[in-house]
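Hi everyone, thanks for making time. I'd like to walk you through one protein model today, going element by element, so please have the viewer open.

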Amino acid sequence: MEALRASSFPSFHRPPISTKLARTISEKPNFHIPSIQQITTTPLSKIHSKKANFKVFTAISPTAAPASTEEESSSPDQEIDSENNEEKFDWYANWYPVVPMCDLDKRRPHGKKVMGMDIVIWWDRNEDAWKVFDDSCPHRLAPLSEGRIDQWGRLQCVYHGWCFGGAGDCKLIPQAPRDGPPIHTSKKACVAVYPTCVQNGILWFWPNSDPQYKDILSKKKPHYIPELDDPTYTNSMIARDIPYGYEILIENLMDPAHVPYAHYGIMSAGKTPESLKADREGGRPLEINIQKVDINGFTAKQVFGDNYFIPPCLYYGFFSPGGAQTVKKTSSSGTKDEVVSPIPPQKRALLIFYCVPVSPGNSRLIFVSPRNFAVWIERIFPRWIFHIGQNLILDSDLYLLHVEERKLMEVGSINWQKSCFVPTKADALVVAFRRWLNKYGGTKVDWGTKFTGLLPPTPHREQLFDRYWSHTVNCSSCSVAHKRLNVLEIALQVFSVFAVGIVAAAKQGVISVAARYALFSAAVLCFVASKWLSHFIYKTFRYHDYDHAFR
C-alpha cells in the first residue's frame, strides 16, 4: 500500500531532503546532485556579483509576536522599495521542460505552448534528434503541428506542402517552378529553430532562437536530478494542462497546509497526534523556515529536512514514505506530543514538480515521484492506472485555485501580501515564493508583448474540469487505454444484443431452457457492464466533477 500511495501525489509535508544547484551564466555549471547516501546542502551561487541584502524570513507562528509587528518588519513591498533591484530574473534565459519523452510519438509532430510561444516538436530521423520549431509556416502562418512527417523525414506543412529540414531550412516549395530560381533557399522561407535537449526523461527547450544560443547547452544545462535516471528508482510521469496560472500552481504545490482539507479522503497527510488535532481533517501547526532567498530561488527547512525552489519551473525534495511519527517529549512544562521524521535509510522517494508557464491563466504540470522501493508495481501496472488518482487530486482544488487567481488579479500581484492574511509558519513557503517573484521576477511571468495581461473568461464547469484535452489525448498511456476501453464497451454491447437475438430467434426446443437463461443472464450482465464501463471511461478520461461538501 505504501508503494501505491507513493505513486500518487504523496503528502506534501513528508520529509524532503535534497541539495541545491550552483548556477552561473559565464561558466558551465556543475548540476550534479549528490546521491541520497551522500546528501549535503550547498548554497546557491549568485548569477551576478552583487549580493542582495535579504533577511531570513518565516511567516509568523501562532505563538509569535503580534501579526502586525512581524508583518510590517518583513513586508515584501518595503524590501522592494528599500533595496536596489539590480538583479532581475530573465524569463527568456532559462531552459523550460516541455513534455515527458514517454508521451512523444516520432511518427507525428506535436504542438505545445510554453511562455506564450507556440512551438512544434518533431522527430528528425535524418539527424536522429528531436527538434523544436516555431509553430508557424513562413508561407501563410499555418500551424506546422497540424502537419506530417513526409517519406523523406521532413516536416511538411499540410496547407500547401512546404517541407522543412532539421535546421529550419525550407527543402521544398511545390508551387515553385523546377527550372526557376531556388526561392526555397531564401531566409524568409526558413522556420525559427529553438535549442533543445533531453534530460531526466523530459524534452527541454530554450525560448530564444537567436543563433548566439545555438550552443547554449554547453554553457548552461537544465537542473539535473540523478534519481530520475537511476534504474533502481521508478520514474513514471504525468503531464497535465491546468486552467490557472503558473504563479498559482507553484504556490499551491508549496502549501502543505491545504492537503488535509482540499484533498481530504484522497491523500494521506500523516497521522496527527491527538494533542495537536483540531478537527476531523487533521490540520496542525507546521514549522517551515526559509533559509535563503535570492535570484536562484530559495531553500526551505521543515522538521523533516529541506526542499527547494529552482526558478523558473522546479520545486522538489525527498520525502519519507512512512509519513510522520509522534513521540512523547518531557520538559519542564510537561509532556507533549512532537512530530519527528522516521526517515528509513533504505527507502527514499522524491516529489518533483515541473511547473511550466503556458499563458496568462494557464500552466502545465509535469509530476514524477521516483522511489527506490516496490519498483515492480509500476512495471506491472500501466501508467494510466496511477493517473486516475493523480488527476483526481488535481481536480479536487482546481476550482478553488481558478477563482483565487481571478480575485488576486483584481487586487494586483504586487499587493498579494496586503490582500492575503498569512499569519502562521505554514504559509512560509508561499510567502517566500511571492517575495522572490516580486523582487526578482517582476511580480509575474514576463509575457513580453504577446498578451494584455488579462485572464481568459471562466468557462463552464465541464470545460474547466476537462481531462480529455488537458491530459488524455497527450498521454501515451491514457490515450491507448481510452481507445481500448471504448472498444471493450462496444464489444460488450454487441455481445449483449447478439445473445438476446439468439434467445429470441431460436425455436422452441433448439436451445434448452438452461441455455436460454444463461444467454439472457450473460446479455444482461454484459449490458450492465457496458453501462458501468461507459461511466468509468467518462469520469476517468473526460470529465470528473468534484464536490467538497459531501467528502
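A quick word on vocabulary before the first stop: I call a residue buried when its relative accessible area is under 20%. With that in mind, look at helix 4, residues 246–253, where 8 of 8 residues are buried, so "mostly covered" is a fair label by that cut-off. Those residues are Tyr246, Glu247, Ile248, Leu249, Ile250, Glu251, Asn252 and Leu253.

Let me zoom out for a moment. What you see is a predicted model. The protein has 13 helices and 20 strands, and buried residues make up 52% of its 551 residues. If you take the contacts between residues at least 6 apart in sequence, 71% of them join residues at least 24 apart.

Now to the strands, beginning with strand 2, residues 110–114. As general background, side chains in a regular strand alternate between the two faces of the sheet. Which residues of strand 2 point to the buried face? They are His110, Lys112 and Val114, while Gly111 and Lys113 point to the other face and are not buried. Note that a lysine turns up on each side here.

The partner of strand 2 is strand 3, residues 117–124; the two run antiparallel and are joined by 5 bridges. If you want a landmark, find His110 and look across to Ile121 in strand 3, which stands opposite. Strand 2 and strand 3 make a hairpin with 2 residues between them, and Met115 in that turn has a positive phi of about 55°.

There is another hairpin further along, made by strand 10 and strand 11, again with 2 residues between the strands. In this one Asn200 takes the positive phi, near 55°. Strand 10, residues 196–199, pairs with strand 11, residues 202–205, in the antiparallel sense over 4 bridges. Cys197 of strand 10 has Trp204 as its bridge partner in strand 11. Cys197 also sits on the covered face of strand 10 together with Gln199, whereas Thr196 and Val198 form the uncovered face.

Between those hairpins in the sequence we find a small group of strands to look at together. Strands 5, 6, 7 and 8 form an open sheet in the order 5-6-7-8, with antiparallel pairing. Its edges are strand 5, 148–149, and strand 8, 170–172, and each of these pairs on one side only. Strand 7, residues 163–164, is joined to strand 8 by 2 bridges, and Cys163 has Leu172 of strand 8 as its bridge partner.

Two loop residues belong in this part of the tour. Ser136 lies in the loop between strand 4, 129–134, and strand 5. Is Ser136 buried or exposed? It counts as buried, because its relative accessibility is 18%. Beyond residues up to four places away in sequence, Ser136 touches Leu141, Ala142, Leu144 and Val191. Gln175, in turn, is in the loop between strand 8 and strand 9, 193–194. Leaving aside its neighbours within four places in sequence, Gln175 is in contact with His160 and Trp162. The C-alpha atoms of Gln175 and Trp162 are 8.8 Å apart, for a separation of 13 residues along the chain.

Let's move on to the helices. Helix 13, residues 513–541, has 29 residues and spans 41 Å from first C-alpha to last, close to the expected 42 Å. Its buried residues are Arg516, Ala523, Cys526, Ser530, Leu533, Ile537, Thr540 and Phe541. As a general point, an α-helix has 3.6 residues a turn, so residues three or four places apart point the same way.

What covers the buried residues of helix 13? The cover includes helix 7, 383–396, and helix 12, 476–505. Helix 7 and helix 12 pack against each other at about 100°, with axes 8 Å apart, and are therefore roughly perpendicular. Helix 7 contributes Arg383, Trp384 and His387 to the contact, and helix 12 contributes Ser476, Ser477, Cys478, Ala481 and Leu485. By type, that contact has 4 nonpolar, 3 polar and 1 charged residue.

One last stop is Thr443, in the loop between helix 10, 428–439, and helix 11, 461–464. Thr443 counts as buried because its relative accessibility is 17%. Not counting residues up to four places away, Thr443 touches Ser413, Ile414, Leu437 and Asn438.

That's the tour, and I'm happy to take questions.

Technical notes:
Residues are numbered from 1 along each chain as its sequence is written. This is a predicted model: local features need pLDDT of at least 70, side-chain atom pairs count only at pLDDT 80 or more; totals for chains, interfaces and linings use all residues. Side-chain values use heavy atoms; hydrogens and water are left out. The expected span of a helix is 1.5 Å times one less than its number of residues. Buried means under 20% relative accessible area, exposed over 50%, partly exposed in between (1.4 Å probe, protein chains only). Contact means heavy atoms within 4.5 Å. Axes are lines fitted to C-alpha atoms, for helices over the stretch in contact, and angles run from 0 to 180 degrees between N-to-C directions. Angles under 35 degrees count as roughly parallel, over 145 as roughly antiparallel, 65 to 115 as roughly perpendicular and the rest as oblique. Ala, Val, Leu, Ile, Met, Phe, Trp, Tyr, Cys and Pro count as nonpolar, Asp, Glu, Lys and Arg as charged, and the others, Gly among them, as polar. Two strands pair if DSSP finds at least two bridges between them.
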